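Visitor: Could you take me through one part of this model up close? I'd like the side-chain contacts and charges, told as one connected story.

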Amino acid sequence: MVVESNIVLPQSWRTLRVFTSHRKNCYSIDVEKGAKILVRPSFYHGNYDKKSSPLIFDLHFDGNYWAIEVRSLSMNMYKEVGKNYGLILRRRVSFGTKEIVRYPVDEYDKIWNPANNKAGSTEATSDAPITVNLEDNPPAAVI
């Protein structure tokens, strides 16, 4: 089902999956045991049913309450975080752009927000290529 909107929506919000036949419905996502994955929830109701009321639902991930968007990550990323812990995005800053950066610029679809240049900061520009060699793989565009 296509979601109609008067605003520009991200691609992931333009289609709708409706579960009507069961009280409990599941998606199964195959991942390699021990692999690191990114889980990012986002929802848009879009008034698809013309009732102007929000949906109510529970979302479970691996038996725990969650909401879900899944991306595979490199095994070298976020080594400081143990496999039994989740990552929480507080803020990821892009110093090289003035817009939010996501996929395809960041191959792992991390969300990079532009830096707010405060008084006293200096913006440097250069045409020199930037080589990024960090384990968490920031895209060159945000540096």
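Guide: Here's a walk that begins at one tyrosine and follows its neighbours outward. Keep in mind that this is a predicted model.

Let's start with Tyr-78. It belongs to the largest nonpolar core, a set of five residues that also takes in Leu-38, Leu-73, Met-77 and Tyr-108. Leaving aside residues up to four places away in sequence, Tyr-78 touches Lys-36, Leu-73, Leu-87, Arg-92, Lys-110 and Asp-136. So which of those belongs to the core too? Leu-73 does, because a nonpolar core is built from buried residues such as Leu and Tyr, joined through side-chain atoms.

Two of the other contacts of Tyr-78, Arg-92 and Lys-110, lead us onward. Take Arg-92: it sits over the face of Trp-112, 5.5 Å from the ring centre. As for ring-on-ring pairs, searching the whole structure turns up zero aromatic pairs.

Now Lys-110. Its salt-bridge partner is Asp-106, with the closest N and O atoms 3.2 Å apart. Are these two buried or exposed? Lys-110 has 3% relative accessibility, so it counts as buried, and Asp-106 is buried as well, at 1%.

The structure holds two salt bridges, and the other one joins the side chains of Asp-109 and Arg-102, at 2.9 Å from N to O. Here the two ends fall into separate classes: Asp-109 counts as buried at 2% relative accessibility, whereas Arg-102 is partly exposed, with a relative accessible area of 30%.

Definitions and conventions
Residues numbered from 1 in each chain as written. Predicted model: local features only at pLDDT ≥ 70, side-chain atom pairs only at ≥ 80, totals over all residues. Heavy atoms only, no water. Core = buried A, V, L, I, M, F, W, Y, C linked by side-chain atoms within 4.5 Å. Buried < 20%, exposed > 50% of the residue type's maximum accessible area, 1.4 Å probe, protein only. Contact = heavy atoms within 4.5 Å. Phe/Tyr/Trp six-rings, centres within 6.5 Å; stacked < 30°, edge-to-face > 60°. Lys NZ or Arg CZ within 6 Å of the ring centre and 35° of its normal. Salt bridge = Lys/Arg side-chain N within 4 Å of Asp/Glu carboxyl O.
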